[in-house]
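Reader: I'd like to walk through this one with you. Where should we start?

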Amino acid sequence: MAISKSLDVNGRTVSIDIDDPDMPLLYALRDNLALHGPRFGCGLGQCGACTVHVDGVAMRSCIVPLSAVAPGQKIVTLEGLGTPEKPHPVQAAFIAEQAAQCGYCINGMVMESAAFLARTKGPSEADIKAALANNLCRCGTHAAILRAVKRAAAA
Amino acid sequence: MTMQDTIPRAALSRRALLKGTGALVVGFHLAGPLGQALAQAGSAAAKPVTLDQVDTFLSIDGRGLVTIYSGKVDLGTGVQSALAQMIADELDVPDARVTVIQGDTALTPDQGPTYGSLSLQNGGVQIRQAAATARDALLTEAAKRLGVAKADLAVVDGAIGPRAGGPTVTYAELIGGRRFDLKLDPAAPTKKPADYKLVGRAMARRDVPDKILGRFTYMQDFRVPGMLHGRVVHPPALGARLEAVDEGSIKGIPGIVQVVRQGNFLGVVASNEWAAIRGARDLKTTWSKSETLPDQARLWEHVRATKVVKDDVTSNVGDAAAAMRGEGRKLAASYDFAIHTHGSIGPSCAIAEFKDGKLTSWSASQATHNLRKQLAQMLAMPQEAVHCLYVEGSGCYGRNGHEDAAADAALLARAVGRPVRVQWSRADEHGWDPKGPPTLIDLRANLDSSGGVAAWESEFFIPQGAAGNVALVAADLAGLPNATAIAPGGIHQNSAIPYKFPNVRTVCHRLETTPFKPSWIRTPGRMQNTYANECFLDELAAAAGIDPLEYRLKYLDPADTRGIEVLDRLAKLARWEKRPSPQKAGNGAVLKGRGITYCKYELVRTYVGAVAEVEVERATGVIRVTRFYVVHDCGQIINPDGVKAQIEGNVFQTVSRTLKEELTFDRGMVTSLDWGSYPILTFPEIPELVMELIDRPAEKPWGAGEPTAAVVPSAISNAVFDATGVRLRSVPYTPAKVKAALQSA
């Protein structure tokens, strides 16, 4: 039987109908709410493509069951981080550095970096690399991503 | 952010285009200001897709917006932006006025699959010739209209007028919305290098902002109305037969629509994605036991023992066998290169819809025209009844699982009579995409008394076949018609060498089979073969006690000045210190070294030289590539930022493949089914990259998507040898292997 679940996503409270209270958050965002930012990459929390912010913390939405999302917890996806008119500084830096090839991993790179920079001022290059150590990129965009995060850190 | 603000980019929305051709035909009926003799009235007939027509490749609408139709697709490399840049320049219209339609079998020509670093070199150049033909015809017509000699006309932003000033006529006025009906003229004059305004300039990619703002629609995001979600249940072992399915085992999952079985092909279709995932996960099945794979611990014995169906002699100079028997110092070595998976971050995904006896297939296939033939074959449908559309997906780096997902979706959609989206799981992708085959190479040489190469012989043990259609997993499982030959790509390339030795024989022993269905993964064959050749050459230089750069220069064809310039510039860029390898190893815990390598891609195009600097941790065997230098000559550069991104991608991806990657398997199936068991390079492991591009505006544009990857494994091996005196001959250079090699040295 469908159950109703209330979520706070990108500043809006939305209600979705689900069959399984343990469905991962990722599918609620992508399939129920038609968001494109968080992506399915592994379903195992290994690659980072599905990263979203939950109360400002970068989390792997593919392994967060909806039952673990408490009422009122604020979920932000790549779409909610910034807009074309007013991109988040990390997004602006990624665009300026052209830090995407296929771009499939970039959601995770931006979301992880934004959460990292929010709690870390003036990071070293090694700090940035460590912060992104569990975000995988296959195209080899690492150098451009690093440049972008450095740029955002300096902004 | 910079150039797209004022001019509308697309005559039609991408979404409308993706929904099929219906919307697009309207484009040819647009009643813009009508031209005269040049264009005939647009008709409802299908747009041509044959390679000899200008209309195949481009159209200009009533507002002067240019649409180009490319058979080559953007696999996330930025080639769409580069194509637009090329054509905008050739036509003298603003870049933002150009839209690119890619990989739609109803609209775009078959320019071959998007592989082999050929998108600009072949595909782009072909469209550029169509644009040059169009431009020339428009100038001829404008000359008549304006009463000005053609030679005195110039084009500014799509408006033709006298150079000296005066009335102009626009492309839109001349042709807007109608056909050129012109044969592509191979001799139509293209711009002179000095006249390019956009080509050669760094330009921002058009897709990047949307990708970073979460507004891009990947194949994995694409949806069609009425669509269901499908998942395939792959066998637990290659060749296993499906003996029983207990459909009742998932009856309790809300949303399950149908379990689809055809032979050993099994899928679950559901009304929502999570139900499909749960259904595929929980469905109780019984499969026969199947053990078709060799023992991984004895893989190279297996490869060596595989039946050879033919020998391809890829070069034969002098009499290598006789020269090998002559006096001198004999060296021999064997190199091997592991089986690799494509490792797309987004697993393959496709949607299929049957309507009125016709199939529409949306996928991220790098070869929609070939996919169309394959789907038609599998489903016993006429090709005309199959329409394949490309939707950009996660990067594929070759023929991964995108086509297989398309076949899965087609079978499921046919069975349920609704559109079905199939999204592969991580394990599907790692387990069932075709693999880069294991490669084994034996090399021998005879050095004369001065350390010169008197003879070079090499044998490559590689599967038979070439580029072609890779068999579809679903067709195999369902027992439906399928491609029968294996298609690993042109993996014989770069088995021959760019060095002028007096006696050379290089031969590829083409093996009847290889343990996993092969396909091409970035730089197929060229990477493995260059690795063995460039490492072994380094062995010879070391044996001769000669600096490895000097050794290479000594044997390059003096007439091949571009190759020599690449190496000369590389020596300066990397501050190459002239001395033989290995250096005198210290006793420290960390040993440092540098290695050089060189490749002329397929011996006919892009030149790359590279130097790797490494640190080897003696106690653990961990290799760190600290810095990597590249000098690159791909002729005319369209977008230097694009070339740099490609070089970066080649280096990082191949450092990953070289140091870390190896498919693992038991006797039945792949066991490296996730990122834990098939690790790839992470941020803390990336080298600093220093590169220099050589731009040659007067030369042909050559590919940049693969060549740099060819030089990475050998550069690292040569650097490790320089650091430690130990030669690594087995990719990947994992810490365990390196440690063992150091201890046995």
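Author: Start with the domains, and keep in mind that this is a predicted model. Chain B splits into domain 1 (14–204), domain 2 (228–288 + 342–432) and domain 3 (524–744).

Reader: How many residues of domain 1 of chain B are in contact with domain 3 of chain B?

Author: Contacts count as C-beta atoms within 7 Å. On that basis, 18 residues of domain 1 of chain B touch 18 residues of domain 3 of chain B. On the domain 1 side, α4 (79–91) and α5 (119–146) of chain B are the elements that give two or more residues. That side has 10 nonpolar and eight polar residues, with no charged ones. Taken over C-alpha atoms, the centres of these two domains are 40 Å apart.

Reader: And between the chains, which elements of chain A give two or more residues to the side that touches chain B?

Author: Here 47 residues of chain A are in contact with 50 residues of chain B. The elements of chain A you're after are α1 (25–32), α2 (78–81), α3 (89–96), α4 (106–119), α5 (125–131) and α6 (142–154). By class, that side of chain A holds 25 nonpolar, 15 polar and seven charged residues.

Reader: What about confidence: what is the mean pLDDT of chain B?

Author: The mean is 93, and 94% of the residues of chain B reach 70 or more. Look separately at residues 1–16 of chain B, where pLDDT is below 50; that stretch has 26 contacts in the model beyond near neighbours in sequence. Residues 20–44 of chain B are also below 50, with 54 such contacts. For the model as a whole, ipTM is 0.98 and pTM is 0.94.

Key: Residues numbered from 1 in each chain as written. Chains lettered and ligands numbered in written order. Predicted model: local features only at pLDDT ≥ 70, side-chain atom pairs only at ≥ 80, totals over all residues. Contact = placed C-beta atoms within 7 Å. Helix = DSSP H or I, 4+ residues; strand = E, 2+ residues; numbered from the N terminus. Nonpolar A, V, L, I, M, F, W, Y, C, P; charged D, E, K, R; others polar. pLDDT = per-residue confidence, 0-100. Domains from an automatic or database assignment.
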